[in-house]
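Biologist: I am new to this structure and would like a close look at a single part of it, followed outwards to whatever it touches. Please take it slowly, and explain each term as it comes up.

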Amino acid sequence: WAKSEGKGTWKTFDPVRNASELARFHLSATMPAALEHGEFYVDYQPLVGLRRREVVGVEALVRWWHPDHGRLGPDKFIGLAEETGLIVPLGRWVLGTACRQAKQWADEFGDTAPFVSVNLAVRQLREPRLVSDVAAVLAETGLEAAKLQLELTESAVMGTADEALEPLRRLSEMGVRIAIDDFGTGYSNLAYLRHLPVHELKIAGSFMEGLRNPDEPDPVDARIVRTLVELAHTLGLSVTAEGVETEDQAQRLAAIGCETGQGYYFEKPCLPDRARAFIADHLPQWA
Ligand code: C2E
Ligand code: MG
Ligand code: MG
Ligand code: MG
């Protein structure tokens, strides 16, 4: 990394930090080779039932281990990958990797094994091959469709014409779970939401801020979360709260009726070994 400036030292140009057009170009230009060379990897973050504190799912979150810049989070490169179209092969790679991993856990833990939840970009939803790709990955990995969830952001789905949602219906008919990600941050068309083949709403972490301070929770945030949970239940959907960082938040959310939580309080996104240990420690106990 850059040394302090002084005579005889020089500052390394770090394109990621300087986030210029050139840097963006550089990153997007090197992404295809990076995918080929195995520079991407997947972290897993548990989704935890708020009443019994058992693991019900794990979200797959892609990272780029860049030879020059170190670990890059998806916020640095998913947007670029969407622009260049690389999101399609990258997304397929994430899906394959996540399903292979979930199948290992399904073999080890049986029926109580968590589903794996994979983020889909809008661009992937528009790919004619999406449904057949998902079917092929399930067939190749041997993962049950019910152990796969696909997450689409609210804005991705809401802006999409009805016939373009046909792939989601077909995936849902195959038994794949569909979740709406970052719910509450886009504009929601309730009439529209009602007809979507969706199983779960994930409430954006930004609303959890106001639930954090036990002494004075932000009444507006708290009411928004309550309203979103009620809305989900009215539609017959279950709810996951993202960004749960404290026990107090977890309890508040459970009291509101939110089924599932995800956040640093339970576990950060982590490598498969650590995620496996969490799963083993938090398996659902079915009576
Ligand atoms: P997301 O799907 O909403 O994922 C949740 C994000 O919240 C993750 O950020 C996660 O690390 C972070 N998070 C989890 N718990 C907490 C918490 O308690 N507090 C806070 N402050 N944050 C928490 P991450 O990993 O940086 O991912 C950012 C976004 O990148 C994701 O948001 C998702 O939209 C996108 N993304 C990640 N992987 C993929 C992928 O494979 N494909 C696509 N298309 N998008 C992806
Ligand atoms: Mg990040
Ligand atoms: Mg997500
Ligand atoms: Mg989210």
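**A close look at one strand**

Modeller: Strand β4, residues 115–119, is mostly covered, since four of its five residues are buried. Buried stands for under 20% relative accessible area, exposed for over 50% and partly exposed for what falls in between, as found with a 1.4 Å probe on the protein chains only. Helices (H or I, at least four residues) and strands (E, at least two) are DSSP runs, numbered from the N terminus.

This is a predicted model, so local features need a pLDDT of at least 70 and side-chain atom pairs count only at pLDDT 80 or more, while totals for chains, interfaces and linings use all residues. Residues are numbered from 1 along each chain as its sequence is written, chains are lettered from A and ligands numbered from 1 in the order in which they are written, and side-chain values use heavy atoms, with hydrogens and water left out.

Next come the partners of the strand. Two strands pair if DSSP finds at least two bridges between them. Strand β2, residues 55–66, runs parallel to β4 and is joined to it by four bridges, and within this pairing Glu 59 stands opposite Ser 117. β4 also pairs in the parallel sense with strand β5, residues 148–153, again over four bridges, and here Ser 117 stands opposite Gln 149. Ser 117 therefore has Glu 59 opposite it in one pairing and Gln 149 of β5 in the other.

From β4 the path leads to a metal. Donors are N, O and S atoms within 2.8 Å of the metal (3.2 Å for Na, K and Ca), and because water is not among the atoms, sites may look incomplete. The magnesium ion (ligand 3) has as its protein donors Glu 59 (OE), Asn 119 (OD1), Glu 151 (OE) and Asp 181 (OD), which lie 2.0 to 2.2 Å from it. Along the chain these donor residues follow the spacing E-x59-N-x31-E-x29-D. Asn 119 lies in strand β4 and Asp 181 in strand β6 (residues 177–183), so this pair ties together parts that are 62 residues apart in sequence. The two residues are not covered alike: Asn 119 is partly exposed, with a relative accessible area of 29%, whereas Asp 181 is buried, at 6%.

Asp 181 then carries the picture further, for it coordinates both the magnesium ion (ligand 3) and the magnesium ion (ligand 4), which are 4.1 Å apart. For the magnesium ion (ligand 4) the protein donors are Asp 181 (OD), Asp 182 (OD), Glu 242 (OE) and Glu 242 (OE), lying 2.1 to 2.2 Å from it, and their spacing along the chain is D-D-x59-E. Asp 182 in strand β6 and Glu 242, in the loop between β8 (238–241) and α11 (247–256), are 60 residues apart, and the pair links these distant parts of the chain. Asp 182 is partly exposed, with a relative accessible area of 28%, while Glu 242 is buried, with 11%.

Finally, there is the open space beside these residues. On a 1 Å grid over the protein atoms alone, a cavity is a set of points where a 1.4 Å probe fits but cannot get out, and a pocket is an open set with protein on both sides within 12 Å along at least five of seven lines, with lining residues having an atom within 4 Å of a point. Grid points are joined across faces, edges and corners, and a volume is the space filled by probe spheres set on the points. The largest pocket holds about 920 Å³ of space. Its lining counts 35 residues, and Glu 59, Leu 61, Pro 74, Asn 119 and Asp 181 lie nearest its centre. At least two lining residues come from each of β2, α3 (74–84), α4 (87–109), β4, α5 (122–125), β5 and β6, and β2 gives the most, with five. The lining divides into 16 nonpolar, 10 polar and nine charged residues, where Ala, Val, Leu, Ile, Met, Phe, Trp, Tyr, Cys and Pro count as nonpolar, Asp, Glu, Lys and Arg as charged, and the others, Gly among them, as polar.

The second largest pocket has a volume of about 210 Å³. It is lined by 16 residues, and those nearest its centre are Val 55, Val 56, Ala 113, Phe 115 and Arg 177.
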